[in-house]
Amino acid sequence: MKILLPLALLAAVSVCGLGEKDKTATTEKPVANLSAKTTPDRDTVKRQLVSLANEITTAAKDGDVNFLAKATTDDFVFTDVDGSVKSKNKALADVKEERAIKSFEITSENLISLDETTAVLSYTLKVSAKNGRSARAATTDTYVKQDGKWLLKSEQQTLLK
């Protein structure tokens, strides 16, 4: 919706000939071009973040602390289903290979908000154990873009019944 307004303004300027009288207007970049460069494509970013969420969940399941350390910000905060809040160091210290987990699935993905440097993704995380039991959690991840790369800044999980 945000991109429609600049395109409409650009079209009005072209049709009415308003840009022809001011020579500086022809040397400046049109508003629509600036918006197209700074506004990320929602579908592309959503796919990137869902992929990253899958990679992070796999790394947590496999006990891959090195990947998790690189995929999270220095001030990362994790709120677990039990309500406990953990810093990055504490969350990483708790990571171990989960041998009891058979599989996990991310569903109902929703890109709640997005701008040039931040994004919020919500989804349902279903974890199935090898003993046949399963659990679901409503998960909300906040990402920030640093050096052109999305990093997880915070995650909150709420157990679903």
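β1 and β6 run side by side in the parallel sense, joined over four bridges. Strands here count as paired if DSSP finds at least two bridges between them, and the elements themselves are DSSP runs numbered from the N terminus: helices are H or I with at least four residues, strands are E with at least two. Within this parallel pair, F78 sits opposite E155 in β6. Keep in mind that this is a predicted model, where local features need pLDDT of at least 70, side-chain atom pairs count only at pLDDT 80 or more, and totals for chains, interfaces and linings use all residues. Residues are numbered from 1 along each chain as its sequence is written, and side-chain values use heavy atoms, with hydrogens and water left out.

**Strand pairing**

β6 has another partner too: β5 (residues 134–146) pairs with β6 in the antiparallel sense over 11 bridges. β1, for its part, also pairs with β2 (residues 85–87), again antiparallel. Here are the pairs side by side.

| Pair | Sense | Bridges | One facing pair |
|---|---|---|---|
| β1 and β6 | parallel | four | F78 and E155 |
| β5 and β6 | antiparallel | 11 | R136 and L160 |
| β1 and β2 | antiparallel | three | T79 and V85 |

Both antiparallel pairs are hairpins. The β1 and β2 hairpin leaves five residues between the strands, and G83 in that turn has a positive phi of about 90 degrees. The β5 and β6 hairpin gets by with two residues between its strands.

**Two odd phi values**

Most residues other than glycine have a negative phi. Which residue in the loop between β5 and β6 goes the other way? That is D147, with a positive phi of about 55 degrees although it is not a glycine. D147 is exposed, with a relative accessible area of 86%; exposed means over 50% relative accessible area, buried means under 20%, and partly exposed is in between (1.4 Å probe, protein chains only). S108 does something similar, with a positive phi near 55 degrees, but S108 lies in strand β3. S108 is exposed as well, at a relative accessible area of 53%.

**The whole chain**

Stepping back, the chain has six helices and six strands. From the N terminus on, the order reads α-α-α-α-α-β-β-α-β-β-β-β. Buried residues make up 29% of the 161 residues. If you look at contacts (heavy atoms within 4.5 Å) between residues at least 6 apart in sequence, 51% of them join residues at least 24 apart. For a concrete case, take A129, which lies in β4. The C-alpha atoms of A129 and A100 are 5.6 Å apart, although 29 residues separate them along the chain. Leaving out residues up to four places away in sequence, A129 touches A100, I101 and K102.

**The nonpolar core**

In soluble globular proteins, nonpolar side chains tend to be buried together. A nonpolar core here is a set of buried Ala, Val, Leu, Ile, Met, Phe, Trp, Tyr and Cys residues joined through side-chain atoms within 4.5 Å. The largest one holds 23 residues, and L49, Y143 and W150 touch the most other members. Elements giving two or more residues to this core include α4 (42–62), α5 (65–71), β3 (101–114) and β4 (118–129). Which element gives the most to this core? α4 does, with seven residues. As for L49, its contacts beyond four places in sequence are L111, A119, L121, Y143 and W150.

**The largest pocket**

Now for the empty space. The largest pocket has a volume of about 1000 Å³. On a 1 Å grid over the protein atoms alone, a pocket is an open set of points where a 1.4 Å probe fits, with protein on both sides within 12 Å along at least five of seven lines, and lining residues have an atom within 4 Å of a point. Grid points are joined across faces, edges and corners, and the volume is the space filled by probe spheres set on the points.

The lining counts 38 residues, and A60, F78, D80, E98 and Q157 lie nearest the pocket's centre. F78 is also the β1 residue facing E155 across the parallel pair. β5 gives the most to the lining, with six residues, while α4, β1, α6, β3, β4 and β6 are among the elements that each supply at least two. By type, the lining divides into 22 nonpolar, five polar and 11 charged residues. Nonpolar covers Ala, Val, Leu, Ile, Met, Phe, Trp, Tyr, Cys and Pro, charged covers Asp, Glu, Lys and Arg, and the others, Gly among them, are polar.
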